[in-house]
Every structure is written in C-alpha cells, then in structure tokens.
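I opened my notebook to get to know a structure that was new to me. Here is what I looked up, in the order I went through it.

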Amino acid sequence: MKHLPIVLLCIVLTSCVSRLRRPGLYGTIADFEGNPVTNCTVGETKTDENGYFRLPEIRYRQFLLTEMFQMEAPPLFIFEVIDKKGYVPKEIVAFSSFGGGARKGAEWNLDTIHLKKEDQKPINTLVKQWRIHAYNTSDTLYFLKDEHRGCMDRKCGDIHNKHQAYNAVHLSSLGNSDSTVPVMLKHFDALVVPENKFKIYRVTAYEDNEQGIMALKFQDSVHTEGSWQLNDLLLQLKSAIPELNGSFKAGEFDYHYMTWIRTVPNTK
C-alpha cells in the first residue's frame, strides 16, 4: 500500500487527454448559379449527386503532463483542398488559438461553398447585392458580399484582410476634403441589377475627438442611383458619388468578392 501514491502519480502523469485535430466538416459545393458540383474532391472525400460532402472529426491523444505545463488548450488549424476539373481550386482554411480543446463531437456546418469555373466571367458575379469599400488612398474598389459570411477559403480571407488593413490605416483620410471631422467608417451598399443600373446607399460615420478614438459623433447617409456598363473586363460606373464614378478594370473575383482597379489612378 505504501507504493500506491507513486503508482497513482505514474498513472496520472502518463494519462492522455483527447484533443481536436479537425472538427467534422459538412456542407455543399455548388457553382455560381447554385447547381451542385458532383464528384468534387473535398479533403479525403468527394461530393455526392447533390454536391453534399462530410468530413469526419479527427482527434488525437496528448499526454496530460504536457498539457499541464502548457496550461491551455492547443491551437486548431484547418486546411482542406477543394478540387474539380474545370473549376478553380479552393482551400478551406481556419484557425482557432485554443480550438484544439473542443469536446468530442465537434462539427462545423460550412453551408454552401461556391466554385468558380475556369472560364467564369465577372458579369456572372456582378449582378447582386454588394457592400462596397472605397479609399481615397487606394485605386481599388472592394465589392464584398455578406461581409465575412461564407468566406472560409484562403483567397476570400486574404481579400477581406487586405480591405480591413486599408480601413484601419486610412480612416482619417476618408470623407469630404472640406471636412475637419475624421471619418470613422464609410461604406456603400449597392444593388446591381441586370438593366445596367445600381442603387446606392452610402453611410459615413464621423469620429468624436472629444470622446476618444472610434466614438461616434454623427452619421449621415445618402440614397442615390447610378449606371454601369461592362465590356469584357472593363467596368464603367456613372454616379454622383466620386468613388463610384469612372472606369475600372477587373481584378480578382469570386462568388463572395470582387476587386476593381481604377484605370486612371487617384491623385488625391
């Protein structure tokens, strides 16, 4: 009996805990028109006749002693390739600092992931509801759909991060040139319709210097309309809003994002 504490200690120190390497992932792969993409490779599985896929949860065992020294759950990094002949491949990428500590049975619903055909044209993507971000210090318009929703692939995440970097660095340069009040936020909600028209709702929020950074002082909004013409990869916008007026060439685009680069650079 005198050796029992030692035995128990050895058992505890050599015990293992279950950690998450990958949650169960499931969803649907579709093209831009919503048609299911069948027999598409997603990780180690393929989609069925409805474009549906399911990847099982993967777990691993970690020594309890190691976990005790770390004092926190391990990180979780997900990387799965989506590939189908005739389509542009995508990479499902996600990171969670302590996600490895999730309990058994963890599942993520990835909803619908849209694959772009290799010969896809911007016109197939342009006509829809967008949130547009424009910056006086950049010649690029960022068209983003539903903000970050449905944006699980690497490239989509990169586009969002790039626009957010501009947003963070150049906020003080936005707004009317005759305004001495710093702009805290500026975006456009635009509904692009097939009849070469688009409806614009502009929101500008101004910062209250007396209350501190990111404190709202007042907000104004403008409703207006404009027109568009798309010839191959060149987009012509006409509206009363300077940021949404001029000629733009196509940059990168997918179902959830588009970038358009001004052909005559801003000189502001």
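The entries below go from the whole chain down to single residues.

**Entry 1: the whole protein**

I started by checking what kind of model this is, and it is a predicted one. Next I looked at the secondary structure, which comes to four helices and 17 strands. The protein has 268 residues, and 40% of them count as buried. I also looked up the accessible surface: it comes to about 15200 Å², with 54% belonging to carbon and sulfur atoms. Then I turned to contacts with a separation of 6 or more, and found that residues 24 or more positions apart account for 61% of them.

**Entry 2: salt bridges around Arg22**

How many salt bridges does the count come to? I noted seven, and I picked out a few to follow.

The side chains of Arg22 and Glu44 form one of them, at 2.8 Å from N to O. I traced where the two partners sit: Arg22 belongs to strand E1 (residues 16-22), while Glu44 is in the loop between strand E3 (41-42) and strand E4 (45-46). They are 22 residues apart, and the pair links distant parts of the chain.

Is each partner buried or exposed? Arg22 has a relative accessible area of 5%, so it counts as buried, the cut-off being under 20%. Glu44 is at 52% and counts as exposed because that is over 50%.

Arg22 has another partner, Glu80, and their salt bridge is 3.0 Å from N to O. Here the link runs from strand E1 to strand E7 (residues 76-83), with Arg22 and Glu80 lying 58 residues apart. I looked up Glu80 as well, and at 11% relative accessibility it counts as buried.

**Entry 3: one more pair, and a network**

I then moved to Glu57 and Arg59, which form a salt bridge with their closest N and O atoms 2.7 Å apart. Both ends got a check: Glu57 is partly exposed at 25% relative accessibility, and Arg59 is partly exposed at 22%. Going back to the earlier pairs, I wrote down that shared partners join the salt bridges of Arg22, Glu44 and Glu80 into one network.

**Entry 4: backbone angles**

My next stop was phi. Most residues other than glycine have a negative phi, so I looked for positive values.

Asn39 has a phi near 55 degrees, a positive value in a residue other than glycine. I found Asn39 in the loop between strand E2 (24-30) and E3, where its relative accessibility of 47% makes it partly exposed.

Where is Asp111 placed? It is in strand E9 (residues 107-114). The phi of Asp111 is near 60 degrees, which is again positive in a residue other than glycine. Asp111 is partly exposed too, with a relative accessible area of 48%.

**Entry 5: a nonpolar patch**

Last, I went over the surface. Which residues form the nonpolar patch? I listed Phe77, Phe79, Val81 and Phe95, which together have about 400 Å² of accessible area. E7 gives the most to the patch, with three residues. I looked at one patch member by itself: Phe79 lies in strand E7 and is partly exposed, with a relative accessible area of 35%. I noted, too, that strand E7 had come up before, as the place of Glu80.

How values were computed. Residues are numbered from 1 along each chain as its sequence is written. This is a predicted model: local features need pLDDT of at least 70, side-chain atom pairs count only at pLDDT 80 or more; totals for chains, interfaces and linings use all residues. Side-chain values use heavy atoms; hydrogens and water are left out. A salt bridge is a side-chain nitrogen of Lys or Arg within 4 Å of a carboxyl oxygen of Asp or Glu. Helices (H or I, at least four residues) and strands (E, at least two) are DSSP runs, numbered from the N terminus. Buried means under 20% relative accessible area, exposed over 50%, partly exposed in between (1.4 Å probe, protein chains only). Patches are made of residues with over 30% relative accessible area and no salt bridge: like charges are joined within 9 Å, nonpolar side chains (Val, Leu, Ile, Met, Phe, Trp, Tyr) within 5 Å. Accessible areas come from the Shrake-Rupley method with a 1.4 Å probe; for residues, only the protein chains shown count as cover. Contact means heavy atoms within 4.5 Å.
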